[in-house]
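Student: I have the model open and would like to go through the terms used for it. Please set each one against its definition.

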Number of protein chains: 2
Amino acid sequence: MPQSFDLFFASSNNHKFKEAKKILEEFSINLGFFRCNLEEIQSDSLKEIAKYKATQAFEKLRKPVIVEDDGLFIDSLNGFPGPYSSYVFKTIGNKGILNLLKQKRKASFVSIISYHDKNSQKSFDSKSIGTISKKIIGKGWGYDPIFIPSNYKKTFAQLKNKNEVSHRFKALKKFASWYFDS
Amino acid sequence: MPQSFDLFFASSNNHKFKEAKKILEEFSINLGFFRCNLEEIQSDSLKEIAKYKATQAFEKLRKPVIVEDDGLFIDSLNGFPGPYSSYVFKTIGNKGILNLLKQKRKASFVSIISYHDKNSQKSFDSKSIGTISKKIIGKGWGYDPIFIPSNYKKTFAQLKNKNEVSHRFKALKKFASWYFDS
C-alpha cells in the first residue's frame with residue numbers, strides 16, 4: 001500500500017533528503033521523497049534559485065512540496081562557491097577549496113527552504129557560521145568534511161549532532177514552526 | 001540620426017561586444033549593441049545557456065540578435081570553471097585558478113554564438129585548445145592573461161592577433177558564413 005505523506009521533498013540528492021526527513025521527523029512531519037531533476041537558474045541569490053525550483057516541483061507534483069538550496073560562502077573568496085557550490089564540488093571538490101585558501105578561512109553555510117502548495121509560496125533561510133578546516137576531516141558528503149561550525153572543534157562530517165545544529169536544521173525548524181501555525 | 005544595424009549583440013559585457021563587433025566588421029556585418037542583463041539557467045551545457053538567452057533577447061528586442069556564451073574548461077579540474085566561468089572569475093579570479101593547478105594545465109576555451117530572429121534560431125560553436133600559464137601575463141580581460149593557445153607562446157592577453165585566432169573569432173566566422181548563405 002503506498003504510504004501517504006504530509007509533504008514532499010523535491011531533490012536529486014539523496015543525502016539532503018535523508019537529513020531533511022530525519023530533522024522533520026522531530027517535528028512530526030512525515031516527509032516523502034520526490035526524486036527529480038529541476039532546472040536551475042543562474043543567480044547570485046540562493047533564494048531566487050530555490051523559489052524557481054519550488055515552483056517547478058509543485059507544477060510537476062501538484063502536492064505540497066519543499067526544495068532546499070544551500071551554499072557554502074567563503075569570505076576571503078568573495079563568497080565563492082556560493083550559489084554554484086554543487087557544481088564546484090563536482091569539479092574541484094574539497095581539495096580544490098583547500099588549495100584556494102591561506103590564512104583567512106571564515107565561511108558560512110547557508111540553507112534556504114522554499115515551500116510551495118496550491119495557495120502559497122514561502123521561503124525560510126538560515127546559516128551556520130564557521131571556518132574551513134586545513135585538511136579534509138571525517139567521512140561525510142559535500143563540504144561537511146571541511147566545514148567547522150563556530151564553537152566546535154570538529155567538522156560537520158565528524159559531529160554526531162550535525163542534524164541538531166546545522167544551517168539545514170535551523171532553516172527546517174523555521175519552516176516547521178510556520179507550517180504548524182498556518 | 002540613429003544608426004541602423006544589420007544585427008544586434010545582446011550582452012552586459014562591453015569587452016565581448018567590442019571583440020565581436022571588430023570580428024564581424026571583417027565580414028561586413030554592422031553589429032549594434034543591445035546592452036541588457038539576461039536571465040541565465042544553470043546548466044552544464046553552454047549551448048543550452050546561450051539558446052535560452054538568445055530567445056529572451058529576441059523577445060525583448062524583436063530584431064535579429066546574437067548572444068555569446070563562453071567558458072574556460074580545464075581538463076585536470078573536470079572542466080571547471082566551465083559554464084560558470086564568469087561567476088568564478090568574479091570571485092576567485094585568475095589567481096584562484098592558478099592556485100588550483102599543478103602540473104597538468106591543458107584547457108580549452110569554448111565559444112557559442114546563438115542567433116535568433118523571427119524565423120529561426122541557430123547556434124555555432126568553436127574552441128581554442130591550449131594551456132593555462134603559470135603566472136598572469138599581459139593586460140587583458142577575463143581569463144585572457146592566463147590562457148596560452150596551442151602553437152603560441154603568449155597568452156591571449158599578449159597576442160596582438162587574438163581576434164584572428166580565438167574561439168570567439170572561429171565561432172563568429174562560422175556564424176557569418178551561415179548568415180550570408182541563408
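**Helix 4 against helix 4**

Tutor: Start with the contact between the chains in this predicted model. Gly96(A), Asn99(A) and Leu100(A) in helix 4 of chain A meet Gly96(B), Asn99(B) and Leu100(B) in helix 4 of chain B. By class, this contact of the two helices has two nonpolar, four polar and no charged residues.

Student: What makes Gly96(A) and Gly96(B) count as polar there?

Tutor: The classes put Gly among the polar residues.

Student: Why are helix 4 of chain A and helix 4 of chain B called oblique to each other?

Tutor: Their axes cross at roughly 120° and come within 8 Å. Roughly perpendicular covers 65 to 115 degrees and roughly antiparallel begins over 145. The crossing angle falls in neither range, so helix 4 of chain A and helix 4 of chain B are oblique to each other.

Student: What is the handedness of the crossing between helix 4 of chain A and helix 4 of chain B?

Tutor: Helix 4 of chain A passes helix 4 of chain B in a right-handed crossing.

**The wider contact**

Student: How many residues does the contact take from chain A and from chain B?

Tutor: The contact takes 16 residues from chain A and 16 residues from chain B. On the side of chain B, strand 3 (40-42), helix 3 (85-91) and helix 4 are the elements that give two or more residues. That side has seven nonpolar, six polar and three charged residues.

Student: How do you know that strand 3 of chain A and strand 3 of chain B pair?

Tutor: Pairing needs at least two bridges. Strand 3 of chain A and strand 3 of chain B have three bridges, in the antiparallel sense. Within strand 3 of chain B, Gln42(B) stands opposite Glu40(A).

**The sheet of chain B**

Student: Why are strand 2 and strand 7 of chain B said to stand at the edges?

Tutor: The six strands of this open sheet run in the order 2-1-4-5-6-7, with mixed pairing. Strand 2 (31-35) and strand 7 (147-149) each have a single partner strand, so one side of each lacks a neighbour in the sheet. From one strand to the next, the twist averages 40°.

Student: What makes strand 1 and strand 2 of chain B a pair?

Tutor: Five bridges join strand 1 (residues 7-11) to strand 2 in the parallel sense, against a minimum of two. Ala10(B) stands opposite Phe34(B) in strand 2 of chain B.

Student: Which helix packs on this sheet?

Tutor: Helix 6 (residues 167-181) of chain B does, touching strand 4, strand 5 and strand 6 of chain B. The direction of helix 6 makes about 155° with that of strand 6.

Conventions: Residues are numbered from 1 along each chain as its sequence is written. Chains are lettered from A and ligands numbered from 1 in the order in which they are written. This is a predicted model: local features need pLDDT of at least 70, side-chain atom pairs count only at pLDDT 80 or more; totals for chains, interfaces and linings use all residues. Axes are lines fitted to C-alpha atoms, for helices over the stretch in contact, and angles run from 0 to 180 degrees between N-to-C directions. Helices (H or I, at least four residues) and strands (E, at least two) are DSSP runs, numbered from the N terminus. Angles under 35 degrees count as roughly parallel, over 145 as roughly antiparallel, 65 to 115 as roughly perpendicular and the rest as oblique. A crossing is left-handed if the near helix is turned anticlockwise from the far one by less than a right angle, and right-handed if clockwise. Two residues are in contact if their C-beta atoms, placed from the backbone, lie within 7 Å.
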